[in-house]
Structures are given as C-alpha cells and as structure tokens.
Amino acid sequence: MSQESILLANLKTESKKEIAFSELVSLYKERLYWHIRNIVKSHDDADDVLQNTFIKVYKNIGSFKGDSKLYSWMYRIATNEAITFINKRAKQMQISSEELQSLAIDNLKSDVYFEGDEIQIKLQRAIATLPEKQQLVFNMKYFQDLKYKDMSEILETSEGALKASYHIAIKKIEAFLLNQ
Amino acid sequence: MKKLNKHNVSETGFKTPDDYFASFEENLLSEINLKEKVNATGFKTPDGYFDNFKVTISENGKQKSEPKVISLFRNKKWLAAASIAAVFIVLISFPKETDNSLDFASLDSDSIETYLLNNDFDSAELNNLIVNTTDFESSILEETLNDVHLEDYLYNNMELEDLNLE
C-alpha cells in the first residue's frame, strides 16, 4: 500500500481522521499554497484560499472515490477555490477578473511579502495577458515543475494539449517581455 | 518463414508528431531564454508561516471564526507614511526656542490695550513702559482726534470735579 492510500484509508476511518488530516495538511500545505499564491498573488488571499481548500478536503474526503490521485484531487479543489475567490472578489468590486488581476499586480510593489524586482512584475503582467487555462499551465510547469501527467489529472486535459499550451505560453511571455 | 520475416524487419514502427524535432529545439531554447531572464515569482511568506499553519475545523465541519490578526505595517506604503508622520511628530513636539522671544511687533494693538487696561498701572509705571519716547510723542502728536471722539471720551471718563481742579 502506498503512503497516499494508507493516508486515504485513515482519512475515511472516523477514529483516525483527525491525525490523518493533520498529516495531510503538513504534507501538502506548501505545494498547495504556492499553487494558490500564483493565482491570487497576495499572501493574505492565498492564506484564506488555502484554509478553504483544506476545509473542503476535510468535508468531502468521504465522497472521494479515488478515480484520481488524492494529490491531484486536492490540487483541483485548490484551483477551483482560487478561481472562485477571484471571481467573487471581482463581482464585489464590480470589475472584471482581468481588472482585479491587474490591480493585484499593481499592489505587489507595496506588498511586504513580495521581494521581486521590475522583471518579476513584468513577468506577472505577461502571465496576466494569457487565457486562464494557459496561466494555470504556465504557473504549474514553470514555477512548480509539475509533471504533465499530474497536470493532466488536475486540469482534466490531455498531456499533448498541455504541452502545446505551455509552449505557446512561453512564446507569448517571451514576446511580451521583449516588447516592454 | 518466421526466421525470414525477422531479418526483413528494418523499422521500429515508432513515429513522432509532425515537426517534432524542429519545434523541440525552438521550445527548449525559448524556455531556457526565459528562465535566464526570470525564474522566480518574487513571492514570499511571513516568517514561520508554514510551521504555524493550522486548519481549524469546528464540529459542524466549518472553519472556526477566529479573528485574523493583520499587521498594521504589512504594506510598505503604510510603513513609509507612518515613519514620515513619526518624524514630524518628534519635530513638532520639540519646543522651539524662537517661540519665547516675543517683541512688540508681534503683538496686535488690541492685546496691548487690553493688557494696559487690565493692569492698574500708575503714570510712573506707564512711563517706564514707553521705551522709545520719540516715537511715542510723534504718534501722540500725529494722532488727530475729532470732536466727536473727544467729547465722547470726556463724557464717559471725566468727572466735572476733575475739570475744575485746575
């Protein structure tokens, strides 16, 4: 039995659920945090979304059928939570999610939890020009170095399509940085 | 027959997507170029964030609503503004020596008049207050009193007996 399947079995056993859940949190908190942070940009928002992600995992672990890896399932929840968060915030502010993303990038300059230079800001602006799915693919591959196989499970897209999407994203970003 | 077939197989049967080798090199170079320019997001977390990260779940499966502590100075702009304000407060709160050196020029005539009226000076003391007698004399001489003012003054301030003294 793999570590993941033992963990999953414990998560579904009421008496072991609490301990297994804290093990799950410590195993995946960093990876999921950086995945979320790349989408929402600010630390505070990433923290909120990460909390919500784990709460959703806890509440729904009973209905997880194991069709995909636990890891991919959690990534999928984190992605959906982050995108829902952005859409909700944009709706509250009565702006588009693209405008909200642009505002989030503007705020990076004064964010104490951002230590990037002008080039990192430019990179964020370049990523923001990509369609939503391409942004996800780029962030997951470029910054987190996820395998196409895992990405394929998380995003429910074929590996071939993901590779093509990633290379298009690289070229668009390169062109954006050259033109700036 | 089987043996003959084995010798006749000269190809693996593997094939690649169209333009695979041409695009492979191009894609690889693009990625290397980009990673040379920028390969980190610049994002960071507060110190010890991951060590202290906990998910609090209440009995009904929802997150316990604990008030979130947000540092006042998590924004660089606020930190800068607060520093500037602090410097100003310190500067303002130091007593200025120049504030204590008053001169007559800085007082308005109403304040002087009120001061003189409220303090019961006799003529000798008033005389001492007049430092520059020349200026005082010329201001008295140049002051033109019209009849109405003079009459008003005498009516309000003089007793008939006082006028009869001399």
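1. How many residues does the contact take from chain A, and how many from chain B? In this predicted model, chain A gives 27 residues to the contact and chain B gives 25 residues. On the side of chain A that touches chain B, the elements that contribute two or more residues are H2, helix H3 (43–60), H6 and H9 of chain A. By residue class, that side of chain A divides into 13 nonpolar, 7 polar and 7 charged residues.

2. A second point concerns helix H7 of chain A, which covers residues 132–143 and therefore has 12 residues. From its first C-alpha to its last, H7(A) reaches 16 Å, which is close to the 16 Å expected at 1.5 Å a residue. After H7(A) comes Asp145(A), whose phi is positive, near 55°.

3. The surroundings of H7(A) deserve attention in their own right. Buried within this helix are Leu136(A), Val137(A), Phe138(A), Asn139(A), Met140(A), Lys141(A) and Tyr142(A). The buried residues of H7(A) pack against several other helices of chain A, namely helix H2 (17–40), helix H4 (70–93), helix H6 (118–128), helix H8 (148–155) and helix H9 (159–179). Among these partners, H2, H6 and H9 are also listed with the elements giving two or more residues to the side of chain A that touches chain B.

4. As for chain B, the fold comprises 9 helices and 0 strands, and the pattern read along the sequence is α-α-α-α-α-α-α-α-α. Chain B has 166 residues, of which 1% count as buried.

Conventions
Residues numbered from 1 in each chain as written. Chains lettered and ligands numbered in written order. Predicted model: local features only at pLDDT ≥ 70, side-chain atom pairs only at ≥ 80, totals over all residues. Helix = DSSP H or I, 4+ residues; strand = E, 2+ residues; numbered from the N terminus. Expected span 1.5 Å × (residues − 1). Buried ≥ 20, exposed ≤ 12 C-beta atoms within 10 Å, placed from the backbone. Contact = placed C-beta atoms within 7 Å. Nonpolar A, V, L, I, M, F, W, Y, C, P; charged D, E, K, R; others polar.
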